[in-house]
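Trainee: I'd like a close look at one chain here and at how its partners fit around it. Could you walk me through it?

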Amino acid sequence: MNIDIKHVAKLARLRIEDEKLSKFENDMQAIVNMVENLPEIKEELVLDKDNAMVLRHDTAEIRKFTRDELLKNAPHIQAGCLVVPKTVE
Amino acid sequence: MNKDYEMVVGLEVHAELNTESKIYCSCKNAFGLEVNTQVCPICMGMPGTLPTLNEKVVDYAIKMGHALNCTINSVCKQDRKNYFYPDLPKAYQISQAEVPLCQNGHLDIMIDGEIRTIGVTRIHIEEDAGKLLHDEAFAGSLVDLNRCGVPLIEIVSEPDIRSSAEAKAYLDTIKSILQYIDISDCKMQEGSIRCDVNVSVHKKDEPFGTRCEMKNVNSFSAAVRGIEYEYSRQVALIEAGGTVVQETRRWDDVKGESITMRSKEDAQDYRYFPEPDLLTIVVDEEKIKAIKESLPELPNIKVMRYVKELGLTQIDATLITEALDKSKLFDDTVKLGKGSPKGIAKWILSDISKYINETGKDINSTPLTAKRLGEMVEIIEKGTISNAAGKTVFETILSDDKDPSVIIEEKSLAQNSDNDFLENIAKEVISNNEKSVTDYKNGKTNALGFLVGQCMKASKGKANPGMMKEIVEKYLAE
Amino acid sequence: MELYEKSAHELSEMLKNKKCSAVELTESVFKRISDVEEKVDAYLTICKDTALEEAKKVDEKLSIGEKLHPLAGIPIGIKDNISTKGIKTTCASKMLGEYVPPFDASVMNKIKSADMVITGKLNMDEFAMGSSTENSYFKTTKNPYDLSRIPGGSSGGSAAAVAAGEAVVSLGSDTGGSIRQPAAYCGVVGLKPTYGSVSRYGLVAFASSLDQIGPIGRNVTDVAMLQSVICGHDKMDATSKNIEYPDFTKSLSSNVKGLKIGIPKEYFGKGIDSSVKTSVMNAVKELENNGAVVKEISLPSTDYAINAYYILSSAEASSNLARFDGVKYGYRTENYNGLVDMYEKTRSEGFGDEVKRRIMLGTFVLSSGYYDAYYKKAKLLQKKISDEFNGAFSDVDIIATPTTPSAAFKIGENIGDPLKMYATDICTVTINIAGLPAVSLPCGKDNGMPVGMQFIANKFNEQTLLNAAFGYEQIVGGFNSVAAIK
């Protein structure tokens, strides 16, 4: 199957530079051609009932981190919030 | 509405659950706190963090599933819904794709005295996203992640709704059930209950038309307005020879219109796949049964029972049902069999409601027990005491913690409904008040009131006023 | 022999018996680092001051007779995708070049409780995607046995540091071979534990259903000691298995009599260098001479495994790496016009080419219309591969294969050809797909470069695995000491 680089890049919020685009397209198509070589298996996927998840008890824990600690790595903050370009729904 | 076109509406309701902690971390599940103070590395989506599923969220979703007559999928999983947005830290929302926790249910709603059944396609569990804050003065947008990870259930209806009134009734019923089974506080102004609306139109006997989804519907009445607008917009479009395009639109309640948000081409490709950080959810059959048994009588069922079996009006039934304390008192009192349901309802909706509003007390923990209320209403309906005396009894039950019979005894409230006694008084008063009698016979109707008042005085307030008036009228007519 | 060259278990005894101090040991390791790091380039962050403080504390505790963990005072390097509170955790990426986590990974809590001394953060392929450490944004680590060759990847720094004596032991992570392959290329011992036995909380996720943190050391006992520290159930990781985990060193036995070794023909095919095949078969012969029983087995789905691996790991990676959007942490592009522009520029500038390829592949296989053809098929194959291994383990105790098709290649040799690079993983990816434990051991040399042999056991059978490895180690009289850096 063919991979539509432009469309996939858009979904992944990536941009490939023009000078790299040709090699990138070739590499990606070669990779896709390789991985799609899979045997046909006539089965359906079933959920693993034997390894059921143990759920967490509903208790709130006291805050272990201050806001400053959590936002310390943020590129741009203002008034305790993260700042992003204007985004209207 | 254009009589040629029918509307088809489907509703998606998101309700925040009132658990102690968030769905995938142990942060406190609370509203309205200082921005970005109710977060941790997990709900912030920091690298290396992992989700752990809150068991209460599963329990509450199953509870709602039972309330909406759903099949519970005791074995299911979570899936990732991938998209980029600043309020979604992980750039995916943990949700459920093809196998939801609950499916194939229905909801009976009462509308204009009739019962309508609306199908419920599914209920699934997922996490809420953060909030974007905007300000005209500010160039960018601000992100508050406090709401990330708040647990949500999404309730999806079948496209069975046929009018905006039905939509409102459906939404109101969903809300009352959520509050009744105490899994969500449903505070619309805090955003703990939201809905998306899907509308299509078609001519009678033709297949369903293309549907449009509408987001940013921030209240139930906005949903009604949005549905009506969308219906009109689509009908006008078709009548003008155009075609309705499948799209997502944004409802602007201030302007009263919807605008295109996303067309089908721009439609998000969510690339759902099973959440690898969580294992299979397996719920014990015993637990599912226990949750079902823990359900109280649901408000919509209650309303129908009050109307059909007890003769209450839909409005009164709804008012009583909406308040858990009032409906509890009502049900307990009616069960004891003393006093008519309508009479009991009347007291609850007037004096008792007033008392609750003024004192803020829980009526079921005051001296006004179901037994005493029933006795009081019965005594009044029998005519043993007057309505006015009834109010005294009511107040005294609350203040002195005594039974109605004791209070009536102590305060000599029993009114006299004895015919002879009343006739004697009437005769005496009439004979002592010739002028008033003459006035009345000459057309002065308020002379009657005076005479009846004199009778009441003469009986030291003990006369049954209704009967007294009838007897006086009878003598005056002679 | 210098302190930095000794094994962890020997140093543990020396510290206990006051034959040396923790500070002396730490200083010895840091002297070695200052001597060779310029050539090896294993470290991204060196933590000398804090390490000496930690060592000092250990000496204080020892001096008042406090009973400490056997690994107390032992210098350990940590792969840079494991979150370390207050220490940069870059994943060798520009995207996290300045990122300092406010919390420790769960394994770090265990490492700290054992009073180990943290030497620093080790180089790797960016976001653990790669087989040579050439995909690191910062620098390429060199193989201590030949500085013109790659150390392997993605835990290249972890393996090289141990091989070069720049750490006594280290932690790496393994998604498709990232501990075992560099361990093989660098002539050290590397263990990928059973999926679910070591907590992933704090490990920056590449492929959630395949990743595991694991120990690297110069001998089997050291690896067993470290594995015993890091394994265990963690309530912060829903995929971590809640069972009893033994102290693997307590019943470490070198007796290989009756040990049933399966040799799968699919792992000795034409893609494997003949010199590697010879080394591995010679090693297996040694075991046979000592009482082990060898049996030929077949794992038919092996040939497709690498395709399933790239589909599943890339799909999960594309989702796991979507959070790197320049909003909450990490790199953000400087000039942008609107949200989408910010996202695209940030991610395009912040990620290297291999990461971009994996994200693109993963996004593609999950995109509308392709799920059934790729992801679903890969998932079904995963089940088949697991079943085949399960079947094999009803007949044998361990399975032996080469770890890699060849010895370490030259720096720059494969970097322009992604498929050639992927092919170096053919012996290791199946193990991650099946969630099994596997260890790479040195089993010979090819033109002076180390060759590795891989042992695989059934789930949660690390004891069997480590015993077989220990048995082999005793037979050959021990593995490589610290490499002489030329």
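How many helices and strands are there in chain A?

Mentor: Happy to. Keep in mind that this is a predicted model. Chain A has three helices and two strands, and reading from the N terminus you meet them in the order α-α-α-β-β.

Now look at how chain A is laid out. Its radius of gyration is 23 Å, whereas a compact globule of 89 residues would come in near 12 Å. The C-alpha trace spans about 50 × 50 × 25 Å along its principal axes. Burial is worth a look as well: of the 89 residues in chain A, 20% count as buried.

How far does the predictor trust this chain? Chain A has an average pLDDT of 92, and 99% of its residues score at least 70. Among its elements, helix α3 (residues 67–71) of chain A has the highest mean, 97, and helix α2 (residues 18–35) of chain A the lowest, 91.

Next, the partner. Chain A meets chain C through 36 residues of its own, with 45 residues coming from chain C. On the chain C side, five stretches each supply at least two residues: α9 (302–320), α10 (339–350), α11 (353–366), α12 (372–393) and α13 (418–422). Of these, α12(C) gives the largest share, nine residues. If you sort that side of chain C by class, you get 25 nonpolar, nine polar and eleven charged residues.

Chain C also touches chain B, with 33 residues of chain C in contact with 25 residues of chain B. Here the elements of chain C that give two or more residues are α9 and α11. The largest share comes from α9(C), with three residues. By class, the side of chain C that touches chain B has 17 nonpolar, nine polar and seven charged residues.

While you have chain B on screen, zoom in on helix α1 (residues 55–67) of chain B. This helix has 13 residues and reaches 19 Å from first C-alpha to last, close to the 18 Å expected at 1.5 Å a residue. Helix α1(B) is mostly covered, with twelve of its 13 residues buried. Among the buried ones are B:K56, B:D59 and B:K63, along with B:V57, B:V58, B:I62 and B:M64. B:N69 follows α1(B), and its phi is positive, near 60 degrees.

So to speak, that's the tour: start from chain A, cross to chain C, and finish at the helix in chain B.

Terms used
Residues numbered from 1 in each chain as written. Chains lettered and ligands numbered in written order. Predicted model: local features only at pLDDT ≥ 70, side-chain atom pairs only at ≥ 80, totals over all residues. Contact = placed C-beta atoms within 7 Å. Helix = DSSP H or I, 4+ residues; strand = E, 2+ residues; numbered from the N terminus. Nonpolar A, V, L, I, M, F, W, Y, C, P; charged D, E, K, R; others polar. Rg over C-alpha atoms; globule rule 2.2 N^0.38 Å. Buried ≥ 20, exposed ≤ 12 C-beta atoms within 10 Å, placed from the backbone. pLDDT = per-residue confidence, 0-100. Expected span 1.5 Å × (residues − 1).
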